[in-house]
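Please open the model in your viewer and keep the sequence panel beside it. The stops below say what to select next and what is to be found there.

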Amino acid sequence: MQVPRNVGRAGESPLALVRRARRMDRILAETYPDAHCELDFRNPLELLVATILSAQCTDKRVNMVTPTLFVKYRTAEDYAGADRAEVEDIIRSTGFFRAKTNSIVGMAQVLCDRYGGEVPGKLKDLVTLPGVGRKTANVVLGNAFGVPGITVDTHFQRLVHRFRWTEETDPVKIEHVVAGLIPKRDWTMMSHRLIWHGRRICHARTPACGVCPLAALCPSYGIGPVAPAQAAKLVRPGPFS
């Protein structure tokens with residue numbers, strides 16, 4: 001395992017970084033025992049569609065739209081033959097609705113043509129579908145198929161930089177570095193925990209440092225208010241977007 005030597009805390013060895021990262025994940029596991037994917041779904045196809053819709057949109061908004069969508073379109077064949085104008089009208093409030101409709105219909109057509117209408121359970125296959133990159137594929141693999149995956153969204157990327165787990169900015173490189181810090185069996189849940197922490201405490205503009213359970217281990221402690229009373233006002237309870 002190789003960990004870049006220009007990350008971590010001052011004087012921290014690669015081994016110490018691994019130990020700190022794993023300790024931080026254990027603390028987050030205790031802090032967020034109920035962490036999970038906040039998109040509503042009942043099967044791999046629904047999760048795939050919901051994740052495509054979540055681009056540049058909150059999970060809360062997606063969950064408001066998908067009940068109507070999932071009642072009308074139940075199979076890949078339904079989406080593949082859908083009237084695009086009808087799909088656009090249902091998902092309009094999620095933003096970029098034309099592009100998302102193209103991705104959903106195109107994805108479904110490929111599922112029908114190549115995979116018998118079923119969502120494949122392998123990363124190499126998922127990323128060939130229209131509108132599906134590694135982030136979306138890992139969400140589906142981890143939450144619909146139980147295959148460990150790391151989901152590098154904006155919250156995840158912000159937190160691993162603040163934690164100084166890595167200085168990489170490319171999501172794929174971030175994924176590979178973090179994969180070397182955290183055991184594979186924990187990748188999916190670790191992703192959920194970091195995302196939950198980013199949504200609730202470690203905010204982009206003003207993190208609630210004074211009530212953060214990771215304060216003693218975080219190199220960025222102090223970039224937000226450290227007074228507990230002041231920091232507590234910044235905490236955002238779930239369920240979240």
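## A tour of the chain

Begin with the whole chain coloured by burial: of its 241 residues, 50% count as buried. Keep in mind throughout that this is a predicted model. Switch to a cartoon view, where the chain shows twelve helices and zero strands, so that the order along the sequence reads α-α-α-α-α-α-α-α-α-α-α-α.

With the C-alpha trace alone on screen, the principal axes span about 60 × 40 × 25 Å. The radius of gyration is 19 Å, which agrees with the value near 18 Å that a compact globule of 241 residues would have. Among contacts between residues at least 6 apart in sequence, 59% join residues at least 24 apart. A surface view brings up about 11,800 Å² of exposed area, of which carbon and sulfur atoms supply 51%. If you colour that view by charge, there are 33 positive and 23 negative charges, and their mean positions lie 8 Å apart.

**First stop: the largest nonpolar core.** Select Val-49, Leu-69, Tyr-79 and Met-107, which touch the most other members among the 36 residues of the largest nonpolar core. Then show α2, α3, α4 (76-80), α5 (84-91), α6 (97-114) and α8 (134-144), each of which supplies at least two residues of this core. The largest share, seven residues, comes from α2.

Now centre the view on Met-107 and leave aside residues up to four places away in sequence: Met-107 then touches Leu-45, Leu-48, Val-49, Ile-52, Leu-129 and Pro-130. Before leaving this stop, note that there is also a second, separate core of 31 residues, which includes Met-24, Ile-27, Trp-196 and Ile-201.

**Second stop: Ala-76.** Select Ala-76, which is placed in helix α4. Is Ala-76 buried or exposed? Its relative accessibility is 1%, and because the limit for a buried residue is under 20%, Ala-76 counts as buried. Residues up to four places away in sequence not counted, Ala-76 touches Leu-45, Ala-108, Leu-111, Cys-112 and Gly-117. Leu-45 is thus a residue to keep displayed, as it is touched by Ala-76 and by Met-107. To set a distance in the viewer, pick the C-alpha atoms of Ala-76 and Glu-38, which are 38 residues apart along the chain and separated by 23 Å.

**Third stop: the loop between α2 and α3.** Move to Ser-54, which is in the loop between α2 (44-53) and α3 (59-72). Ser-54 is buried, with a relative accessible area of 17%. Once its neighbours within four places in sequence are left aside, Ser-54 is in contact with Leu-39, Asp-59 and Val-62.

Gln-56 is found in this loop as well, but at 69% relative accessibility Gln-56 counts as exposed. Check the backbone here too, where phi of Gln-56 is near 55°, a positive value in a residue other than glycine.

**Fourth stop: helix α11.** Select His-197, which is found in helix α11 and is buried, with a relative accessible area of 0%. Which residues does His-197 touch, not counting those up to four places away in sequence? Display Leu-28, Tyr-32, Leu-159, Phe-163, Cys-202, Cys-212, Pro-213 and Leu-214, and you have the residues that His-197 touches on that basis.

Next select Arg-200, which is also placed in helix α11 (residues 187-200). Although it is an arginine, Arg-200 counts as buried, at 7% relative accessibility. The C-alpha atoms of Arg-200 and Cys-212, twelve residues apart along the chain, are separated by 10.0 Å, and Cys-212 is one of the residues that His-197 touches.

**Last stop: Arg-164.** Finish in the loop between α9 (154-162) and α10 (171-179), which is the place of Arg-164. Arg-164 has a positive phi of about 55° although it is not a glycine, and its side chain can be viewed knowing that the residue is partly exposed, with a relative accessible area of 39%.

Note on methods
Residues are numbered from 1 along each chain as its sequence is written. This is a predicted model: local features need pLDDT of at least 70, side-chain atom pairs count only at pLDDT 80 or more; totals for chains, interfaces and linings use all residues. Side-chain values use heavy atoms; hydrogens and water are left out. Helices (H or I, at least four residues) and strands (E, at least two) are DSSP runs, numbered from the N terminus. The radius of gyration is taken over C-alpha atoms; the globule rule is 2.2 Å times the number of residues to the power 0.38. Buried means under 20% relative accessible area, exposed over 50%, partly exposed in between (1.4 Å probe, protein chains only). Contact means heavy atoms within 4.5 Å. Accessible areas come from the Shrake-Rupley method with a 1.4 Å probe; for residues, only the protein chains shown count as cover. Lys and Arg count as positive and Asp and Glu as negative; His and the chain ends are not counted. The place of a charge is taken as NZ of Lys, CZ of Arg, CG of Asp or CD of Glu. A nonpolar core is a set of buried Ala, Val, Leu, Ile, Met, Phe, Trp, Tyr and Cys residues joined through side-chain atoms within 4.5 Å.
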